[in-house]
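Opened a new model today and went through it from the overall fold down to a single side chain. Jotting things down as I go.

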Amino acid sequence: THKSLYNGAFSEYKNYKFLDKTSFSLPKDKYYKGNFYIKKDVSLIVKQSELKNMNSKIKLDTKDKYKAGDRVGVYEIYIGKNLIWSENIYIKILFLI
């Protein structure tokens, strides 16, 4: 029945939070002299069995000129070799006084 299919899907798949916009950070790098951020939380519905095959890649651009709020890279989430999510990374420039 539809109800058993519905219940079966919920037992097999779970919602996982992968990126949190309030606590997102990357190690400071030598090129960009600021903090990185994302604009939204990222939650994905995946099978528990897929978690062991998940990985992520961070790709930062190297721009000659940039300002606060510019997109400077992307955070990619994969299951195996399949890209399932891509989230833009932005820069926040901190000034010391």
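My notes below go from fold to core to one glutamate.

**Fold.** First reminder to self: this is a predicted model. I looked up the secondary structure and got one helix and six strands. Along the sequence I read the order as α-β-β-β-β-β-β.

**Contacts and surface.** I took contacts between residues at least 6 apart in sequence, and 56% of them join residues at least 24 apart. Of the 97 residues, 26% count as buried. The accessible surface came out at about 7,300 Å², with 54% of that belonging to carbon and sulfur atoms.

**Core.** Next I went for the largest nonpolar core, which has 17 residues. Phe24, Phe36 and Ile89 have the most contacts inside it. I then checked which strands feed this core: β1 (13-19), β3 (42-47), β5 (71-79) and β6 (82-92) each put in at least two residues. β5 gives the most, with four.

**Glutamate 76.** I stayed on strand β5, since glutamate 76 lies there. Is glutamate 76 buried or exposed? I get 8% relative accessibility, and the cut-off for buried is under 20%, so glutamate 76 counts as buried.

What do the side chains of lysine 59 and tyrosine 78 do with glutamate 76? The lysine 59 side chain makes a polar contact of 3.2 Å with that of glutamate 76. With the side chain of tyrosine 78, glutamate 76 has a polar contact of 2.6 Å.

Last, I listed what glutamate 76 touches, leaving aside neighbours within four places in sequence: Asn55, Ser56, Lys57, Lys59, Leu83, Trp85 and Ser86.

Key. Residues are numbered from 1 along each chain as its sequence is written. This is a predicted model: local features need pLDDT of at least 70, side-chain atom pairs count only at pLDDT 80 or more; totals for chains, interfaces and linings use all residues. Side-chain values use heavy atoms; hydrogens and water are left out. Buried means under 20% relative accessible area, exposed over 50%, partly exposed in between (1.4 Å probe, protein chains only). Contact means heavy atoms within 4.5 Å. Accessible areas come from the Shrake-Rupley method with a 1.4 Å probe; for residues, only the protein chains shown count as cover. A nonpolar core is a set of buried Ala, Val, Leu, Ile, Met, Phe, Trp, Tyr and Cys residues joined through side-chain atoms within 4.5 Å. A polar contact is a pair of N or O atoms within 3.5 Å; within protein, one must be able to donate a hydrogen and the other to accept it, and residues adjacent in sequence count only if both atoms are side-chain atoms.
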